[in-house]
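Here's a quick walk through one protein chain, starting from a single side chain and working outwards. Have a look at the model first.

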Amino acid sequence: MSNAAAESRPYHHGDLSRALVDAARKILESEGPAALSLRAVAREAGVSPAAPYHHFKDKNELLEAVAHEGWEALDEALAKARVSTDDKRARMSNIGVAYVCFARDNPALYRVMYDRSRDKDALPEKAKEDGAYCQVRDTINEIGGGHVSDIDLELATIAAWCAGHGLAEMIGFKHFAGLKAQLGGEEAFLRAVFEHLGMFAKVIDRA
């Protein structure tokens, strides 16, 4: 179809902005960041090349929207993991497994989320009481009985977050294949790692 025909074609999306973000995610995961452009997103979404500019002034704005959607999806994944058990200590393992699985299943989106956060004053999640970061913090506080000092709570949350992020970066290493098989699969391996971290012992002992 010619550009002129595409320009004259009416939009078929009730929420074009969301359709463009979905198209961007699909391109990121299937072809990588180098393939992403507003023109490519328009083509994937089935709209005219000019259509994305009604919502995003450039590729950077589109990537910000993609990253925002990624953080929202991570919020949901961790919230679901957190409420799946009444055992406060098991919640931390559940959250950790959910975090790594999210990164594993959405590698390009996960990378964009952190690339767009690198120069910000804080992770997007820190400002949201129901965000992923605060869910980790609140679970640690529950384990400590609500008696953890603010600075210890913040440091423990950072430690937990970094542990999850590091494992997400390393989960594909062939070095772990034997342990995964021995423990019964990848998610069993992840759970075992989080259960052996011991990073919350200091917090629990102070409670």
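## A buried acid and its surroundings

Glu 69 counts as buried, since its relative accessibility is 12% and the cut-off for buried is under 20%. Keep in mind that this is a predicted model.

What does Glu 69 pair with? Its side chain meets that of Arg 18 in a salt bridge, at 2.9 Å from N to O. The two sit in distant parts of the chain: Glu 69 belongs to helix α4 (residues 59-82) and Arg 18 to helix α2 (residues 16-31), with their positions 51 residues apart. Arg 18 is partly exposed, at 44% relative accessible area.

Helix α4 has another bridge to offer. Arg 82 forms a salt bridge with Glu 142, and their closest N and O atoms are 2.6 Å apart. This is again a link between distant parts of the chain, from Arg 82 in α4 to Glu 142 in α7, 60 residues apart. Arg 82 counts as buried at 17% relative accessibility, while Glu 142 is partly exposed at 26%.

Over in α7, Asp 138 and Arg 137 join their side chains in a salt bridge too, at 2.9 Å from N to O. Asp 138 is partly exposed, with a relative accessible area of 22%. Elsewhere, shared partners tie Arg 104, Asp 105, Lys 180, Glu 186 and Glu 187 into one salt-bridge network. The whole structure has 13 salt bridges; here are the three described one by one above.

| Salt bridge | N to O distance |
|---|---|
| Glu 69 and Arg 18 | 2.9 Å |
| Arg 82 and Glu 142 | 2.6 Å |
| Asp 138 and Arg 137 | 2.9 Å |

Now for α7 itself. Nine of its 12 residues are buried, so the rest of the structure largely encloses this helix. Among those buried residues are Tyr 133, Cys 134, Gln 135, Arg 137 and Ile 140. The helix length also checks out: at 1.5 Å a residue, α7 should span 16 Å, and its end C-alpha atoms are 17 Å apart, which agrees. After the helix comes Gly 145, with a positive phi near 70 degrees.

Next, the rings. The count comes to eight aromatic pairs. Tyr 99 and Trp 161 make one that is edge-to-face, with 5.3 Å from centre to centre and 70 degrees between the planes. The pair connects distant parts of the chain: Tyr 99 is in helix α5 (residues 88-105) and Trp 161 in helix α8, 62 residues apart. Both partners are buried, with a relative accessible area of 4% for Tyr 99 and 8% for Trp 161.

Trp 161 also pairs with Tyr 133: the ring centres are 5.5 Å apart and the planes lie at 50 degrees, so this pair is tilted. Here α7 (residues 132-143) is linked to α8, with 28 residues separating Tyr 133 from Trp 161. Tyr 133 is buried as well, at 4% relative accessibility. Ring pairs join Trp 71, Tyr 99, Tyr 110, Tyr 114, Tyr 133 and Trp 161 into a cluster.

Helix α8 (residues 150-170) also holds Leu 155. Together with Ile 151 and Ile 158, Leu 155 makes a nonpolar surface patch of about 290 Å².

Zooming out, the chain has 11 helices and zero strands. Of its 207 residues, 43% count as buried. Residues 24 or more positions apart supply 66% of the contacts with a separation of 6 or more. The accessible surface comes to about 11,300 Å², and 53% of that belongs to carbon and sulfur atoms.

Technical notes. Residues are numbered from 1 along each chain as its sequence is written. This is a predicted model: local features need pLDDT of at least 70, side-chain atom pairs count only at pLDDT 80 or more; totals for chains, interfaces and linings use all residues. Side-chain values use heavy atoms; hydrogens and water are left out. Helices (H or I, at least four residues) and strands (E, at least two) are DSSP runs, numbered from the N terminus. Buried means under 20% relative accessible area, exposed over 50%, partly exposed in between (1.4 Å probe, protein chains only). Contact means heavy atoms within 4.5 Å. Accessible areas come from the Shrake-Rupley method with a 1.4 Å probe; for residues, only the protein chains shown count as cover. Patches are made of residues with over 30% relative accessible area and no salt bridge: like charges are joined within 9 Å, nonpolar side chains (Val, Leu, Ile, Met, Phe, Trp, Tyr) within 5 Å. A salt bridge is a side-chain nitrogen of Lys or Arg within 4 Å of a carboxyl oxygen of Asp or Glu. Rings of Phe, Tyr and Trp (its six-membered ring) pair if their centres lie within 6.5 Å; planes under 30 degrees apart count as stacked, over 60 as edge-to-face and the rest as tilted. The expected span of a helix is 1.5 Å times one less than its number of residues.
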